[in-house]
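Hi everyone, thanks for making time. I'd like to walk you through a structure I've been looking at, so please pull it up on your screens.

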Amino acid sequence: MNLIVGLDDLVVVAVVAALTPLLVAALPGPRVPQVVIFLLGGVLIGPHVLGLAESGSIELLANIGLGFLFLLAGYELEPHLLRERAGRLAILGWVISAAIAVGVAGGLTAAGYIKDYVPVGLALTTTALGTLLPILRDNGMLAGQFGRYVYAAGAVGELFPILIIAVFLTKRGHFIALASVAVVGVLALALSVVPWLARNPAVQRIIREGQDATGQITLRWAMVLLFLLLAVASRFGLDVVLGAMLAGMVLRSWTRRLKIDTTGLEHKFDAVGYGIFIPIFFVYSGMSIDLRAIAQDPLRLVALFLLLLIVRGLPSLLVYRRDLPARQRVEMTFITATSLPLLIALADIGEQDGIMLPATSAALIGAGVLSVLFYPLIAVALHRGATLTPADVGIPAVAPATAGEAPAPLDGAGPGLPPARAGGAAGAGPDRSDE
């Protein structure tokens, strides 16, 4: 790659990223997620419109941005949450979506509308947890029990498709792919015990003294962890998002065992991830959207956009009928139907296979863009339009106490359920910018 050309392309991408928050602030009406402007800016500067930049010269930085996005999603995930009721319901909802997706993809294939039915069907079962978190957190929608259901549904909607991509959408045999996933998983487990090696008081003192200023030791080792698992996943022929999500889960265990001040570390992730690499990934993704292919068959985009809501979103109305009020079930419908990063990965896989139609690939990414633009805004509007209850903001309601009895917490709050932080679910990090 020509260095001068690569730097010129990077300047153009950086300008798009820098202008985006200014445009978001200037636009009237409801606040548009920055990711949408990133993508539209990428379309504008890309080879299909103005031709100001080529995607190949920033591919490595874009992959790091994708890795950061899923590292943050893995970092937010509480593995034990999947064993609780919220996790079990999330898994049930995903299984229902997968069953519907099989029928829908099969029908579209039989009708000759699509050819690469596996990536398309899998795309309809995904949820963009990493993209949703800052939007929902900025609007106070991750507090209390509802936040736990959102985290669980989003985690399942990312983790399960990632595993299927790693095992079934690979050019190698399924057994070898499964073994590769197992090897990467074992490596992640092995890395999770690294903090035990740092129990020495001298080592802990070095970590405490070097985590800020010019040392930045915790951030640097987090980057080592991310790059290591990205490289290992890539070497084994797996998608980098699997390594990135595992890196986030391992990093969470590191911070707990080393008793690191996570607030400061999370602010650094905001600066490095949302400030640099994640915008590059989304602008890069926009550069690959072929508007001509979409314009030739716009109904394909509309169909996929609606199918995301039907296949991934509507099962929430059934699954959470005994656990959430009607309004929150509808909110979950639009939240779970929001998808984008994995759609980009699946479109790329389909194009590499040489089976997916260019119109389908472009429409798949376009449907993801529309889902990020509209579905979270609808969920936020529903949330803002309803009367808040104590449970909505993470405050457990208190039952009236009879004589001689202490007040009892309601709404599932009690032993075993830690109180939610202000503005987020239990275990959630600080507020992040609206990416």
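Quick bit of vocabulary before we go in: a cavity here is a set of grid points where a 1.4 Å probe fits but cannot get out. Also, keep in mind that this is a predicted model.

So, how many cavities of 30 Å³ or more does the structure hold? It holds three. Let's visit the second largest, which has a volume of about 50 Å³. Who lines that cavity? You'll find Leu89, Ala90, Gly93, Ala153, Arg312, Pro315, Ser316, Val319, Tyr320 and Thr336. By class, that lining has six nonpolar residues, three polar ones and one charged one. Helix 4 (85–110) and helix 16 (315–319) each give at least two residues to the lining.

Okay, over to a pair of helices. Helix 11, residues 217–235, and helix 12, residues 240–257, have axes that come within 8 Å and cross at roughly 145°. The crossing is right-handed. On the helix 11 side, the contact includes Trp221, Leu225 and Leu229, while helix 12 brings in Gly243, Val250 and Trp254, among others. By class, 14 residues in this contact are nonpolar, two are polar and none are charged.

Last thing: confidence. The mean pLDDT of the protein is 79, with 81% of residues reaching 70 or more. Over residues 408–435, though, pLDDT stays under 50. Where pLDDT is low, don't read the predicted coordinates in detail. The model does have 76 contacts beyond four places in sequence for residues 408–435.

Note on methods. Residues numbered from 1 in each chain as written. Predicted model: local features only at pLDDT ≥ 70, side-chain atom pairs only at ≥ 80, totals over all residues. Heavy atoms only, no water. 1 Å grid on protein atoms, 1.4 Å probe; cavity = no way out; pocket = protein on both sides within 12 Å on 5 of 7 lines; lining within 4 Å. Points joined across faces, edges and corners; volume = space filled by probe spheres on them. Helix = DSSP H or I, 4+ residues; strand = E, 2+ residues; numbered from the N terminus. Nonpolar A, V, L, I, M, F, W, Y, C, P; charged D, E, K, R; others polar. Axes fitted to C-alpha atoms, helices over the stretch in contact; angles between N-to-C directions. Left-handed = near helix turned anticlockwise from the far one by under 90°. Contact = heavy atoms within 4.5 Å. pLDDT = per-residue confidence, 0-100.
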